[in-house]
Amino acid sequence: MLRLLATRCTRGLGSSVPARPATGLCLPGRSPSRRASDMPRNHPPSPELVARSVGICSMMRLPVQTSPEGLDAAFIGVPLDIGTSNRPGARFGPRRIREESVMLRTVNPSTGALPFQSLTVADLGDVNVNLYNLQDSCRLIQEAYQKIVAAGCVPLTLGGDHTITYPILQALAKKYGPVGLLHVDAHLDTADKALGEKLYHGTPFRRCVEEGLLDCQRVVQIGIRGSSMTLDPYRYNRNQGFRVVLAEDCWMKSLVPLMAEVRQQMGGKPLYISFDIDALDPAYAPGTGTPEIAGLTPSQALEAIRGCQGLNVVGCDLVEVSPLYDLSGNTALLAANLLFEMLCVLPKVATA
C-alpha cells in the first residue's frame with residue numbers, strides 16, 4: 001500500500017506515463033543514465049487524488065533524490081543561520097517552507113508557465129552544513145553546488161541566512177564566470193566586517209565583488225531601506241556599478257516598468273536571483289531575523305520575479321525565513337510561492 005501511494009504521489013493529474021522513482025530514497029548511489037528530456041517528468045500530486053497531509057515533507061511533495069544527474073532543476077535546502085546578526089532561526093527555514101509548499105500546484109495561470117511539463121525537477125534535500133564553523137559551512141555549500149551545477153541542474157535554494165549566497169555564487173562562477181544579480185532585499189549586504197569578522201549575512205556581496213564573482217554592471221538591488229550608521233550607506237555599491245532601488249522609490253507603484261529596464265540591463269547573459277524575505281514589509285513577512293518597516297508588498301515581489309521571465313536565470317535563492325517569528329506560517333507560505341515563481345521563470349519553461 002505504501003509503495004502504491006508513493007508511486008501515485010510522483011505522477012501528475014491525468015499523467016499516462018509511469019512515475020519516476022525517488023532516486024535518493026529507493027535507489028541510493030544510483031544515478032539516471034538517460035537525459036532528462038528522455039525521461040518521464042516528476043509532477044507534484046494533485047490534492048484531488050492525494051490528501052495534502054499525506055507524504056514525505058519535500059518541496060511541493062516532489063520526489064527526493066541524492067543526485068542531481070538527470071535533473072533540469074532542483075530545490076535544495078541550506079539550513080544555516082550562524083551568520084545572522086540579530087534573531088536566529090533561519091536554519092529551520094527550509095523545513096518550514098517545504099511544509100507550506102503543500103499548497104502549491106503545478107501550473108501558473110497568471111504567466112502561463114508550465115514548469116513540470118517542461119523540466120524534470122526534484123528535491124535534493126539539504127546541504128550538510130557545519131553549525132559550529134561558518135567558514136567550513138561555506139566550503140561544504142560550495143562543494144555541493146559545484147556538483148549540482150556541473151550536472152546541468154539549476155539550483156533553487158531554500159535558506160538559511162544570506163551568507164549562503166556567497167558560496168553558491170562561488171560555485172556558479174566556476175561554470176559561468178561573473179554573473180548578473182537581481183538582489184531583492186531590505187539590506188545591501190555589502191558591509192566589510194562586524195565584530196572583526198568578514199563573513200556573515202551582511203557581507204556576502206562584498207566578498208563576491210572582491211573575488212570577481214559578479215558582473216557589477218548587471219547588479220540590481222531592489223527594496224533597500226532602513227536606518228544606517230552613515231548618511232550615504234549606498235556609496236560602496238554605486239561605486240561598483242550596482243543599481244540601487246530604494247524601497248521608497250517603489251511605494252505605491254507597479255514594478256513592471258522597473259523590471260522592463262532590468263531586463264534590458266541583464267540581456268542574455270547568466271543571471272542569479274537572490275531574494276531575502278525581509279525585502280517584504282514585516283506586515284506580510286514577520287518571520288525573519290532583521291525586519292525593516294515600509295517594505296515591498298507580495299504583489300511587487302511577484303512582479304520582480306515574473307519580470308525575469310525570458311532571461312538566462314542560472315540559479316535562485318530565497319533566504320532569511322525564521323519560523324520562530326512566523327507563528328501563522330504566512331512568511332513560509334509566501335516564501336514557498338516565491339520559489340515556485342522562480343521555477344516558472346527558468347529559461348526552459350514553456351508557456352501556454
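Let me start with Glu320, which is found in the loop between strand β8, residues 313-319, and helix α11, residues 330-344; helices (H or I, at least four residues) and strands (E, at least two) are DSSP runs here, numbered from the N terminus. Please keep in mind that this is a predicted model, in which local features need a pLDDT of at least 70 and side-chain atom pairs count only at pLDDT 80 or more, while totals for chains, interfaces and linings use all residues. Residues are numbered from 1 along each chain as its sequence is written, and side-chain values use heavy atoms, with hydrogens and water left out.

Now, what is the sign of phi at Glu320? The angle is near 75°, and so positive in a residue other than glycine. Is Glu320 buried or exposed? Its relative accessibility is 2%, and therefore it counts as buried; the cut-offs are under 20% relative accessible area for buried, over 50% for exposed and partly exposed in between, with a 1.4 Å probe and protein chains only.

Ala294 makes a useful companion to Glu320. It lies in the loop between β7, residues 271-276, and α10, residues 298-306, and here too phi is positive in a residue other than glycine, with a value near 65°. Ala294, however, counts as partly exposed, because its relative accessibility is 28%.

There is also a peptide bond to point out, the one from Gly159 to Gly160, which is cis, with omega near 15°. Gly160 is found in the loop between β3, residues 154-159, and α6, residues 165-176. As background for these three sites, most residues other than glycine have a negative phi, and most peptide bonds are trans.

Let me step back to the whole chain for a moment. There are 11 helices and 8 strands, and of the 352 residues, 56% count as buried. Among contacts, meaning heavy atoms within 4.5 Å, that link residues at least 6 apart in sequence, 79% join residues at least 24 apart.

What, then, lies in the interior? The largest nonpolar core has 55 residues, and those touching the most other members are Ile97, Leu182, Ile222, Phe275, Leu318 and Leu346; such a core is a set of buried Ala, Val, Leu, Ile, Met, Phe, Trp, Tyr and Cys residues joined through side-chain atoms within 4.5 Å. Helix α11 gives the most to this core, with 10 residues. A second, separate core has 42 residues, with Leu80, Tyr166, Phe205 and Leu214 among them.

If you click on Leu318, you will find that, not counting residues up to four places away in sequence, it touches Ile97, Thr157, Leu158, Gly159, Phe275, Ile277, Ala335, Leu338, Leu339 and Met342. Gly159, in that list, is the residue that begins the cis bond.

Ile97 brings us to helix α3, residues 93-100, whose buried residues are Gly93, Pro94, Ile97, Arg98 and Glu100. They are on the same side of α3, because they cover an arc of only 165° around the axis, the arc being that of the directions from the helix axis to the C-beta atoms. What covers them includes the strands β1 (73-78), β2 (121-126), β3 and β8, together with helix α11.

Ser58 also belongs in this part of the talk. It is placed in the loop between α2, residues 23-26, and β1, and it counts as buried because its relative accessibility is 3%. Its C-alpha atom is separated by 9.3 Å from that of Ile97, 39 residues apart along the chain. Not counting residues up to four places away in sequence, Ser58 touches Val64, Arg98, Ser101 and Asp123, and Arg98 is one of the buried residues of α3.

I will finish with two glycines in loops. Gly83 has its place between β1 and α3, and at 1% relative accessibility it counts as buried. The C-alpha atoms of Gly83 and Gly202 are separated by 8.3 Å, although the two are 119 residues apart along the chain. Which residues does Gly83 contact, leaving aside its neighbours within four places in sequence? They are Leu134, Asp161, Thr163, Tyr200 and His201.

Gly177, finally, sits in the loop between α6 and β4, residues 179-184. With the same allowance for neighbours within four places in sequence, Gly177 is in contact with Leu172 and Leu213. Its C-alpha atom is 8.1 Å from that of Leu214, 37 residues apart along the chain, and Leu214 is included in the second core.
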